[in-house]
Amino acid sequence: MKIKLKIQQKIQLFIISASVIIYVVAIGYISLSNRKMVYQNITDITNKTVQNYAEGIANKLNADMSVVKTLSNSYLVYETMSNPEWKKLFESMYLEVYTKNPHFYSLWDSWELSAIDPNWEKSHGRYSMVITRNSSGNIISDSSYRSMETVSELYDKIIKLRKIPSIWEPYLDNYAVGVSERSLMTTLNSPIMKDGQYIGLVGVDITLSNFQQIVSEITPFENSYAFMVSYEGLIAGHPNTEYLQVELEELFPEDFTTFDILAKIKSGMPFSYISKNDKGVELYYSYAPIIVDGTNTPWSIAISVPVSTIMAKANRNFRISMIVGIIGILLIVLVIAIISKNITNPLAKITQLLKNLSKGHIDDNMRIKIETGDEIEEMTDALNNSIDGLNKKVDFANHIGQGELNHNFDLLSDEDILGKSLIEMRSSLVKADEENEKRKIEDEKRRWTNEGLAKFADILRQNNDNLENLATEIIMNLVDYLKGNQGGLFVLNDNDKENIYFNLLSAFAYDRRKYMQKHIKIGEGLIGTCAIEKKTIFMTAIPQDYIEITSGLGGANPNCLLIVPLKLEDDVLGMLEIASFNVFEKHEIEFVEKLAESIASTFSSVKINIRTSELLERSQQQAEEMAAQEEEMRQNMEELQATQEESSRKSAETEGLVEALNTSSYVIEYSLDGNIQNVNDNYLTLLGLTRDEVIGTHHSGNMEFTKQQKTEYEKFWRELRSGKVIKETTTTKANGIEYVFAETYTPIRNADGEIYKILKISNNITDFQKKHS
């Protein structure tokens, strides 16, 4: 359900809501940012505090370690002195150092006997001197030999740490039993090295009571406390002394594993985390490393601060911010209410006027007067101008409704959309009748086209067995349907592939059929051109001598000529040519083009049917002819068999004659150019040559001619090639013997009667010539 609100209510609702939301978001963001900043500042202070205390404790331990390192470095002078001398010297040094550092619990050294006694052969055993105080506070010294037979646990620990300075894990005093109360303490030791070899160490025992006091005093915030942890996770300082020397894992079992505290302490890096204690109180823990120079076993000091303490100041600032925000929101609501009232009162008047307009009521008395000097007054003036414009538009619409389409109307401005719409409406009314007439004409054209296509579809179906009759029906009806004056239908005749042309199959003019013969080749005239281009030709400027339409009243040129190709796919099967005094319209041309496709398809089918009938008739005729030919062939086969027998007999006789000729005569075969193609063995024997040496040589080889002889020689070969048989007598020398030959040159013809070679037969008449000479 949509809630309807007055504009004043909307202003108060939306603006106040938006203002409140923005104000609340801003105050909330600032408060949360301030809260986060306060939290960050306090955690930074906590981290800085623990870091400062860690550095302070480290400085104290480093000062003590510096004393130990100085002593260990100065003890190498023992090599230049006897044992009693250096022991006495070292004792005096210890007493002086111990006196100047009253916080030392004890100062001691440990020497490997193998390093200071050349006669000592065991790997263990040491000499130790200890400076400490008795129960009365007096300084006493004591020296002794230790670990002479076995290695004690403490000595074993010393050996493991002997090569680098170290700070020991917290422990209870082992030297004050029966003398004083046992105190929690640690030891700083530094090795005595010679040529990289361990020979002893110097150590200082320090009670952790001073550090315990420092840790107890670290309370940067309410309910916060500090504690100190050794390298191995033992509590070395805590406000609650019951936790001293307790393992950190026992004190914080969940945090120890969750935050991997021991590993981070051993890494010597500061870290922090937040967790809850067993009472559900959220605490912030900050750890800072205590690193003694030269050692690799850092300790840490930590501060625990309740998160509620950290957030107390931030929460207080947040509450103040919210109170200020609420006061600000109330002021904004008051200001917006006053402004909305000043805006909505004039708008109420305008709204009432618009309501009247929405009901269709309009007159000159609807103008209102508001003088606020702002945009609302401008709005009122604009509305009054709109009322004046609407009154004019109403008057204009009334005149248009009465049919006065020429009534004058002036636009209020170039942006008067309604006025322009009224003018366009007037124009649309004028155009409506024109469009209606055009639509009727287009509908009539479509009806005419559809009826024509249906009519000619019937003609094509009813006359598809005779091409000439079909053409006559088409052209007669088409000229009549187009109200043309003359028409012709040409069909492609491609029976002779060497002479393809268009044949005028049927022509029609002035309601009577014209019988005439007319052939047009492809590319000839307009018909031939249209066949090549395969596109419709429509002309309104026709040459004077191209065509003439005649009647009983005389003759005249048509005003238009339409030539349409009869195409089936991309093949032209014929042409339609129609001439008329009336110029054909576009829809009539398109109608003829569509009809041409149907005519082409029908012509193709009719041609195929006619061709099929002809082929069937021809096939029957050929079957009868083949039967007669089979009988004739049988008779011919009998005659051929007799002929073959006679031919075989004559062939045997011919072979005998050839053999006799080759034996008695000299035979050579020449090409028409005079080159030797074949020669018999008699000739080769006479000449003393091989067949390969003779074949391919010319008839005139080794002959020299005069000009006259050359002319006669060429004539000789022309006559042979023309078919003349030539006989002559020649004299030839072979192997030094002169021979006389009677030679006959005979042209030889093939089965087609063409001369294809020259045969020369030579007979040796040498003896005959000698007898008759």
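Visitor: Which residue in β25 is the bridge partner of T731?

Guide: Strands of a sheet pair through backbone hydrogen bonds, either parallel or antiparallel. Here, T731 has V740 of β25 as its bridge partner. Keep in mind that this is a predicted model.

Visitor: In which sense do β24 and β25 pair, and over how many bridges?

Guide: The sense is antiparallel, and β24 and β25 pair over 9 bridges. These two strands form a hairpin. There are 2 residues between them. Look at N735 in the turn: its phi is positive, about 60°.

Visitor: Which strand pairs with β25 over 9 bridges and covers residues 755–764?

Guide: That is strand β26. Strand β25 covers residues 737–749, and its pairing with β26 is antiparallel. Two pairs can be picked out by eye. T744 has I761 of β26 as its bridge partner. F741 is matched in β26 by N764.

Visitor: How many residues lie between the strands in the hairpin of β25 and β26?

Guide: There are 5 residues between these strands. Find G753 in this hairpin; its phi is positive, near 85°.

Visitor: What is the strand order in the open sheet?

Guide: Read across the sheet, strand by strand. The order is β23-β22-β26-β25-β24. That makes an open sheet of 5 strands with antiparallel pairing. The edge strands are β23 (676–679) and β24 (726–734). Each of these two pairs on one side only. From one strand to the next, the twist averages 30°.

Visitor: Now the interior. Which residues touch the most other members of the largest nonpolar core?

Guide: In soluble globular proteins, nonpolar side chains tend to be buried together. In this model, the largest nonpolar core has 53 residues. L107, W111, I290 and I301 touch the most other members. Helix α1 (residues 7–74) gives this core its largest share, 10 residues. There is also a second, separate core of 34 residues. Among its members are L460, L478, V491 and L573.

Visitor: How many salt bridges does the structure hold?

Guide: The structure holds 13. Try three of them, one at a time.

Visitor: Where do K100 and E96 lie?

Guide: Both are in helix α2 (residues 83–100). They are 4 residues apart, about one turn of the helix. K100 and E96 form a salt bridge, with the closest N and O atoms 3.3 Å apart.

Visitor: Is K100 exposed or buried?

Guide: K100 is exposed, because its relative accessible area is 62% and exposed means over 50%. E96, at 47%, is partly exposed.

Visitor: Which helix holds both R447 and E444?

Guide: Both lie in helix α11 (residues 417–462). These two residues are 3 apart, about one turn of the helix. Their side chains meet in a salt bridge, at 2.1 Å from N to O. R447 has 35% relative accessibility and counts as partly exposed. E444 also counts as partly exposed, at 40%.

Visitor: Which residue forms a salt bridge with E719?

Guide: The partner is K724, with the closest N and O atoms 3.8 Å apart. E719 is partly exposed, with a relative accessible area of 22%. K724 is partly exposed too, at 44%.

Visitor: Which residues do salt bridges that share partners join into one network?

Guide: They are E442, K445 and E585. Find these three in the structure, then trace the shared partners.

Terms used:
Residues numbered from 1 in each chain as written. Predicted model: local features only at pLDDT ≥ 70, side-chain atom pairs only at ≥ 80, totals over all residues. Heavy atoms only, no water. Core = buried A, V, L, I, M, F, W, Y, C linked by side-chain atoms within 4.5 Å. Buried < 20%, exposed > 50% of the residue type's maximum accessible area, 1.4 Å probe, protein only. Salt bridge = Lys/Arg side-chain N within 4 Å of Asp/Glu carboxyl O. Pairing = 2+ DSSP bridges. Axes fitted to C-alpha atoms, helices over the stretch in contact; angles between N-to-C directions.
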